[in-house]
Amino acid sequence: MARAKQPCKNHPDRLTARRCYHCHAPVCSECISKLERHYFCGRWCFVKWKAGQFFLRVKKIPNLQIYLLASLIVLTNLFLFFYFNHKLDSLKKITRQLPPTSKSVTQRDSAWFYVDSTFRPIDGKLGLSLRVSDGLSVSVWRDGKLMRFASGQGGKIQIQDIPLLFGDNKFVIWAHRADGATHLVDSMNIFYRSARLEFLARPFIQGAIDSRMVALTFDAGSSDRGAQEILKILRDKGLRCTMFITGRFLEKFTQLVTQMVKDGHEVGNHTYSHPHLTTYEQNRLHHNGAHVGREFVISQLLKVDSLFMALTGRRLAPFWRAPFGEYNRQILRWAAEAGFKQVAWSPKCDALDWVEDSTQTLYRSSAQILEHFLQLEKKSGLNGKIILMHLGTDRKNDFPYLTLPALIDSLRSRGYRFATISELINQRASQ
């Protein structure tokens with residue numbers, strides 16, 4: 001006897017006879033997924049069914065309680081071992097030797113400090129109070145770079161606001177006499193951590209997977225061909241997006257940047273000159289490029305921020321996108337010190353609109369770009385995803401922005417709401 005048709009749980013206007021293998025809810029052909037020879041209404045039902053099958057097999061194992069008790073004992077011992085080992089390391093780090101009283105120079109082990117701004121709000125600055133003999137001067141060096149030089153008056157020197165870097169800081173303090181003699185006063189390593197910097201140093205790739213929000217982002221590098229058309233489409237559709245601009249784009253197309261701000265778009269940082277930050281292009285490894293250091297990364301970001309402030313009177317959004325998607329943990333930390341959080345694009349969400357040669361395998365026409373995202377939405381959904389497109393193009397025809405109106409309308413008809421990166425982050429943090 002044929003199964004009676006009932007309304008789909010996601011589309012009440014559609015009748016279907018198919019049911020989810022786990023929850024038995026009626027689902028139409030658009031909602032159903034075939035996984036391991038069974039039909040499910042979604043990934044979550046499949047996971048719950050799979051977990052149930054696993055526990056059914058586990059129950060059949062003889063002496064299961066003995067195995068569980070033995071596993072609990074092993075895990076407890078491992079936890080105690082790592083816990084007390086961590087406590088011992090912490091005690092070692094806060095042990096500090098007093099400077100020598102002798103005037104002779106002696107080499108000692110570095111003193112170690114652990115400064116956690118979550119518990120001690122020092123705002124990334126170090127202050128020193130030193131007692132010295134009259135006529136002595138003191139220099140403070142951090143990682144081989146001179147930070148402060150001061151002369152003693154009345155036997156005391158106060159040095160304030162020495163900036164700490166995120167992570168390890170090696171300090172060396174030297175005393176200088178008038179006759180040119182130099183004595184080592186002390187050396188110490190300070191590991192500085194900050195909850196804010198740690199948050200900024202973690203890349204953001206996707207928002208909450210249970211939210212029907214999707215972020216449409218645009219990178220602006222050197223070309224403005226199609227930019228006016230894209231901004232007009234977004235205005236007509238009532239969309240506020242996140243744009244990542246380079247400093248050279250800002251200098252060359254100031255009116256476009258002003259229009260972005262006027263339209264309410266969120267503007268992030270894409271570095272000043274769009275350089276390669278790692279060696280990925282040469283060896284497929286994300287090692288720092290030969291010219292890339294802390295000062296280089298920070299200057300690339302802060303220069304764009306200064307130009308944007310001069311043009312608009314406001315700061316950039318605290319987000320940046322690494323050129324070519326090249327970054328590593330150290331580069332992320334340097335960018336965090338400049339106040340910017342890396343925002344990448346979600347897997348398979350690069351529109352590849354930057355490929356201009358139609359003979360290349362990566363090339364997608366405007367119709368193929370639309371089809372790619374609609375198929376991706378049908379297969380795995382776009383909840384919380386970040387889509388990458390570009391504000392300019394070097395194509396001579398079949399411009400990628402031609403697909404934008406259809407893409408926006410199609411995703412909206414499927415229940416998605418377009419959001420900025422700030423909205424994605426805030427929504428995920430509120431969960």
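In the predicted model, the axes of helix H4 (residues 227–237) and helix H6 (residues 254–262) come within 11 Å of each other and cross at roughly 10 degrees. H4 is therefore roughly parallel to H6, since angles under 35 degrees are assigned to that class. On the H4 side, the contact is formed by Ala227, Gln228, Leu231 and Arg235, which meet Leu256, Gln259 and Met260 of H6. Sorted by class, the residues in the contact of H4 with H6 comprise four nonpolar, two polar and one charged.

Charged side chains were examined next. Side chains of opposite charge can pair when their charged atoms come close. A search of the whole structure returned 10 salt bridges. Three of these pairs are described below, together with the accessibility of the residues involved.

Helix H4 also carries a salt bridge, between the side chains of Lys232 and Asp236, with an N to O distance of 2.9 Å. Lys232 and Asp236 are four residues apart in helix H4, and so are separated by about one helical turn. Of this pair, Lys232 is partly exposed, with a relative accessible area of 45%. Asp236 has a relative accessibility of 56% and counts as exposed, because the exposed class begins over 50%.

A second salt bridge joins the side chains of Asp179 and Arg177, with an N to O distance of 2.9 Å. Here the acidic partner, Asp179, is exposed at a relative accessible area of 58%. Arg177 has a relative accessible area of 38% and is partly exposed.

A third salt bridge is formed by Arg294 and Glu337, whose closest N and O atoms are 2.6 Å apart. Arg294 belongs to helix H8 (residues 294–312) and Glu337 to helix H9 (residues 329–337), so the pair ties together parts that are 43 residues apart in sequence. Arg294 counts as partly exposed, at 23% relative accessibility. Glu337 is likewise assigned to the partly exposed class, with a relative accessibility of 24%. Neither residue counts as buried, because that class is reserved for values under 20%.

Taken together, the salt bridges described include one within helix H4, formed by Lys232 and Asp236, and one between helices H8 and H9, formed by Arg294 and Glu337.

Conventions:
Residues are numbered from 1 along each chain as its sequence is written. This is a predicted model: local features need pLDDT of at least 70, side-chain atom pairs count only at pLDDT 80 or more; totals for chains, interfaces and linings use all residues. Side-chain values use heavy atoms; hydrogens and water are left out. Axes are lines fitted to C-alpha atoms, for helices over the stretch in contact, and angles run from 0 to 180 degrees between N-to-C directions. Helices (H or I, at least four residues) and strands (E, at least two) are DSSP runs, numbered from the N terminus. Angles under 35 degrees count as roughly parallel, over 145 as roughly antiparallel, 65 to 115 as roughly perpendicular and the rest as oblique. Contact means heavy atoms within 4.5 Å. Ala, Val, Leu, Ile, Met, Phe, Trp, Tyr, Cys and Pro count as nonpolar, Asp, Glu, Lys and Arg as charged, and the others, Gly among them, as polar. A salt bridge is a side-chain nitrogen of Lys or Arg within 4 Å of a carboxyl oxygen of Asp or Glu. Buried means under 20% relative accessible area, exposed over 50%, partly exposed in between (1.4 Å probe, protein chains only).
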